[in-house]
Structures are given as structure tokens and as C-alpha cells.
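Open the model in your viewer and keep the sequence panel at hand. We will go from stop to stop, with a selection to make at each one.

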Amino acid sequence: MLMSCNSAKKISEGDGDFKYTVEKFADLQVLRYKVPGFEELNLKQKELIYYLTQAALEGRDILFDQNGKYNLTIRKMLEEVYTNYKGDKKDTNYINMEVYLKRVWFSNGIHHHYSSDKFLPAFSQEFFRSELAKLDPAKLPLKKGETLDQLCNEIFPVMFDPRIMPKRVNQADGQDLVETSASNYYEGVTQQEAEDFYGAMKNPNDTMPVMFGMNSRLVKENGKIYEKVWKSGSLYGAAIDKIIFWLDKAEKVAENAKQRDVIKKLIQFYRDGDLKTFDEYAILWVKDLDSRIDFVNGFTESYGDPLGLKSSWESIVNFKDIEATKRTETISSNAQWFEDNSPVDKKFKKETVKGVTAKVITAAILGGDLYPSTAIGINLPNSNWIRSSHGSKSVTIGNITDAYNKAAHGNGFAEEFVYGKEELDLINNYSDITDDLHTDLHECLGHGSGQLLPGVDPDALKAYGSTIEETRADLFGLYYLADKKLVDLKLTPNEEAYKAQYYSYMMNGLMTQLVRIELGNNVEESHMRNRQLIAKWVYEKGKADNVVEIVKKNGKSYVKINDYHKLRVLFGDLLAEIQRIKSEGDLNGARNIVETYAVKVDPVLHKEILQRYEKLHLAPYKGFVNPVYTLEKDSDGKITDVKVSYSEGYSEQMLRYSKDHANLPYINE
């Protein structure tokens, strides 16, 4: 999945009567998105969307628990104090608690959604304990026989002590990534034990391997290591049963037989937890190309697992933007040309590209690991053999991108960090086009390009796999953005437009994405690592020809591109090397290139960028509140329409979700 690469966006105060801005706190800004075209759908399609959106909300607590063992307990404690507080709401402790709670909601836990660092409360322990003591004990997440003091003694160190569970996902080379990560995918096992456990399951001769470990927690109890599978009747079963309830209703109003089979197979997987069933579901999902309505619901992306094996729960419900999809259909229909003309070694290319489908979608609702912060593009399924044999679906989320684009101008960000007028003119004229195209190429073709050599384990790159994969997809898009083929296909207006993306990408990778990192920290998140890897590698390799330089102007640092053509050549060279690493499963090669280029930060430059950014008073991270869907019925109880509204506030929505969709115990063993 491709996260938004822009360091900051400014959301306009309105678009007609529609208000995009909800609120801003900490380093976050909460926005709204429209669902254009929903009213034009027929009643059956609206009803299908309604049921799927309900299913999308029922898994919320799964993600909270996956992100940390104590997240649900902490959220409950905070919400009860927040909703029952009788004191002075101008009190500093109360204000800081409110901000902390909003951050917990946004990150689905106590670790930052992007950096994965634990954020600490700015209110005192004494204040929080005192307010908890005023509550009816029945409202608190107390275990049987547990006192408030015992609860606080267990939970407060997790919240307030920076040494305890400091990172949700640790990617530091040389450390035990399982033992030092707070994510709740492992219990009592070491990294080596986890790798050995799943390594023993794999058959190198299996041409259709399942994604071992994808839907389970790996635990060690009484010296025995085994999996607790996430399925009905097992771990997370209470939430999964609610998801099944709504999926069953959705299946009855499916648009066609193929879609009905997809939903049935997903229900089966939720019930049996069998990874072969999941592959069967994924194949059916890829082949369902006729439905206007589509959705993702389940254990999907593995960025939250330091080993890249276990998948976080997420959901998105959407429908095709028919007009905008013409762009992505042009790209996908030429997939074989792009594969054949890639600069990678021939043995790493696919002889025949199969089933690459792409579309622009309108998101109807976001859930789990796509809420509140969301991707702007998706390419699934993740199984390499299914992608090779059956193809993949790629989407660009048009209405989410539109919400960002409405806010992209006039915030002073470009004027502060872009080198000069020539570069600003390129960005103002072409960035909306090239941003979308880079996302399309990344998702539609980049992830689906290339092939593993026979016998190579899809998980061979271990903790570096996610960064290498995102690097590969980004480079594919960057390389082809400058190709005349895009002009011939009428995807870009001329042979200069690509420069807008090249400049923005290099500026972001070398400088401006650093606003998302605290001074003194390294780069940890996979997408940020991928962007820095690309930018620093081509910067270093192009030094002899002065392809890209960091220059000083009026005492400030700027990126300056001197040779766009040579920059494209360097992107191609790096793509060839990254594809080789992926295709050969070269773990040492992956480790070397990531650790050399993707991790370390220049502290002097970092400090300068943070100081300049702070003066703009912008929030580097954005997320969304969802629309609210309401069934309308006649006097006989028959559904007559589904209405969508956009008036719900951030806290209002989060509290409603906690009330209506709290399906799990506070501690899930």
C-alpha cells in the first residue's frame, strides 16, 4: 500500500457548503471526505454498501488489540474519564488528557500511527488516578476481583514510562525485533523462535504456498510454541462473528454471482481460519471484475509486524469511479509493454503479465488499519503466486486524493522548501496529474511487476521485505513517469510534466519527510525508508555528474536537480538492483542497501527542516472521519433508501464507534 508522500497538505475551509476541516491537535489534522456518486447508485447497491460498511466497523477493536495488548483497556479508561468528567475543562490536565485520547483514537493505540514510537501523556498520573476513582467501578475495565489501584499499577507504567513498550514496531538492525516490539502478534517467543517456527512449515517445492502466520498470534506457553488463530470461536471471535453477521446480509444483496461467491468464501475463511480458504477467497476476489461495488475486509497488510508475516485487520468499502477509471485502464491494458521495457534483467521479468486490473474508486468508508489515516492506493492480493497466476487488483482512491488536492495549495509549504520559480511552476502546473499517475503506476504495475526466481522464499528478505517492496514499486512508477509512452497514451500532457514528480519526490526523500521524525531519531517506517533509500542512493550515485545537489540559498537548504534525464537513468539502475534483490531473495543485499541509505538522518539538516516547518504551523499527518449511513424504511419496515451525511464530529464518531462496535474483551488472551 502507498501512503501519501506529501509532507503536509492544507485543507480548505470549504468546497461550496462542504467543510473539509474537522479539527487539529498534536501533529494531526482530521478531515472529511465526500462520497460523490453515492446518490446515483441504485437501491440494491446502496443497501450492499450499507451492510459492508457495518462489517467494516465491527473489526475496529481487532486492530486496537493487534497494536498493543493494553490498548483496549487504556482506551476504555480514558473514554470513561472523558465522558464523565465534572471538573474544569480549562484545566491543563484535562486538556492534555483530551489530546492524548484523541491521539489514541487516531493511532488505534498508544503508539504513533506512522513512526510507531510511544507518545506519552502530558497530564499527571495523580490527575488520572483521581478522576478514575470518581467513577462507578462498573464502568472501568476491571478484571474479576481487581481493584482500581491494581489496575492503575498495571496500566500506568505502560502509559507513562517511556522505557516500557517504547516502539510498536522496532526495525533496528541487530536487535530482537519481536521482543523489542510492542505489537501484539507474539507472546513469549523470540525472533529466532518465530522465524524457525514458520521456516519449518515451508516447503521450497510448493508452488502455491499459503502466507504462514498471516492470521494468528504466535505464543509460547509451558515451553510449547503454537498459534492462536484469529477466527470465529477463537481469538477475536466475538468481533469476527459480528463481521460475519453483516457479510451474510451483504451476500444476499450482492450484485452478481461472482461477488456472492467472494463474500461466501470470505465468511468461510472467517469461520475456519484456513489459509488455503483465504487463497481461494483471494482468487475469487481478483476475478470479480464486473461488480461496481467492491471491498476489502480482513487481515491484509503486514507492516505492523516487525517480521512482516502477520497481517493487521483493515477494511475499505468502495465503488468504481467510471470516468476516472479510464486512466488506470489505459495503464493496465499496456501492462505487458511496461514489463517488457523495464530496465531490469530479463530473467527477473514476467514473460506474460496476467490479470492486471486497475481502477479509480470512491471510498464509502474506511475501517481498521485504513482509519483514520488511510492509503491513497492499494494493490492486492499480497500472495506472490496468486499475483503471478491470477493477477491483482490495483486501485487509486479518488475521493481521498481529491480531499488532499483541495488542500494542496496556499499553505506556504512549497514556497518554503522548493528551490525556485521554475520548480514551483512545474509543481503548480503538473503535480496533481503526476501525483495520481505515480500512484497508479506504483499500484497498478509496480507491485505486479517482476518475478521471484524458482525456489525463492517470498519471505526471504524478512524484516527488510516491506521496504524493498515499496522501493521497487515506487521506482517502477518514477522510471516510467518520464517515458514518452505516457505522452503517447495521453496520460501526461507533455514531456516536461514528469519533472514535477521528480522534484517533489527528491525534495521529500532527502529533506521534507523528516518533519515526521523527532530530532535524533532514525527512519523506521517502511514507506519513509523506501523514499529516503531512493533519494539518497541516486543523490550519492549522481554526485560525480552533479545530477542532484543540496544547495544553500539565504542560509537555507534546498534540493536542486541539474539533470532530469540522468536522474531517470539512475532510477532505472536502482530499480534493476532492487528487483535483483527481490527476485533472488538476497537478504544481505537488502540489509546492506537499506541500512546504508534508508535509516540514518543528517542531524544538522534535520534540525533545520524542523525549525522551518514549525513556523508554517502545519500538521504533517492527516486522517479522516467517516460519513454516516442511515437506512430509511417505510411503515412496513422495508428499506426505501440509504442516506449519507457528513456532519458527525471526530470525538462524536470515535465515542459512537466505541459504544456500538466494542466487541472484544479488554485483554484478549
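Begin with two helices: select α2 (residues 60-67) and α3 (residues 71-84), whose axes lie 7 Å apart and pack at an angle of about 115 degrees. That angle makes α2 roughly perpendicular to α3, because angles of 65 to 115 degrees count as such. Now show side chains at the contact: on the α2 side pick Arg60, Asp61, Phe64, Asp65 and Asn67, and on the α3 side Asn71, Leu72 and Arg75. Coloured by type, the residues of this contact split into four charged, two polar and two nonpolar.

Before going further, a word on confidence. You are looking at a predicted model, with a mean pLDDT of 95 for the protein. A pLDDT of 70 or more is reached by 97% of the residues. Select residues 1-14 next: here pLDDT stays under 50, although the model has 76 contacts beyond four places in sequence for this stretch. Where pLDDT is low, predicted coordinates should not be read in detail.

**The sheet β1-β2-β13**

Select β1, β2 and β13 together, and you have an open sheet of three strands in the order β1-β2-β13, with mixed pairing. β1 and β13 stand at the edges with a single partner strand each, so one side of each has no neighbour in the sheet. Turn the view to follow the twist, which averages 20 degrees from one strand to the next. Then add helix α4 (residues 92-107), which packs on this sheet and touches β1, β2 and β13. The direction of α4 makes about 65 degrees with that of β2.

Zoom in on β1 (residues 21-25) and β2: the two strands run antiparallel and are joined by four bridges. Two pairs are good to label: threonine 21 has leucine 31 in β2 as its bridge partner, and glutamate 23 is bridged to valine 30 of β2. Follow the chain between the strands and you find a hairpin with two residues between β1 and β2. Click on alanine 26 in that turn, which has a positive phi of about 50 degrees.

Now move across to the other neighbour of β2. Strand β13 (residues 621-624) runs parallel to β2, again with four bridges. Select glutamine 29 and you will find lysine 622 of β13 opposite.

Stay on β2 (residues 28-31) and show its side chains. Which way do Leu28 and Val30 point, and which way do Gln29 and Leu31? Leu28 and Val30 point one way from the strand, while Gln29 and Leu31 point the other way. Buried or exposed? All of them are buried.

**A second sheet**

Next, select β3, β4 and β5, three strands that form an open sheet in the order β3-β4-β5 with mixed pairing. The edges are β3 (186-187) and β5 (224-229), each of which pairs on one side only. β3 and strand β4 (residues 216-221) run parallel and are joined by two bridges. Label tyrosine 186 here, and look opposite for leucine 218 in β4.

**Last stop: serine 526**

Finish at helix α20 (residues 526-541), where you can select serine 526. Its relative accessibility is 10%, so serine 526 counts as buried, the cut-off being under 20%. What is serine 526 in contact with, leaving aside its neighbours within four places in sequence? Show Tyr303, Ser466 and Thr467 to see these contacts of serine 526.

Note on methods:
Residues are numbered from 1 along each chain as its sequence is written. This is a predicted model: local features need pLDDT of at least 70, side-chain atom pairs count only at pLDDT 80 or more; totals for chains, interfaces and linings use all residues. Side-chain values use heavy atoms; hydrogens and water are left out. pLDDT is the predictor's confidence in each residue, from 0 to 100. Contact means heavy atoms within 4.5 Å. Axes are lines fitted to C-alpha atoms, for helices over the stretch in contact, and angles run from 0 to 180 degrees between N-to-C directions. Angles under 35 degrees count as roughly parallel, over 145 as roughly antiparallel, 65 to 115 as roughly perpendicular and the rest as oblique. Ala, Val, Leu, Ile, Met, Phe, Trp, Tyr, Cys and Pro count as nonpolar, Asp, Glu, Lys and Arg as charged, and the others, Gly among them, as polar. Buried means under 20% relative accessible area, exposed over 50%, partly exposed in between (1.4 Å probe, protein chains only). Two strands pair if DSSP finds at least two bridges between them.
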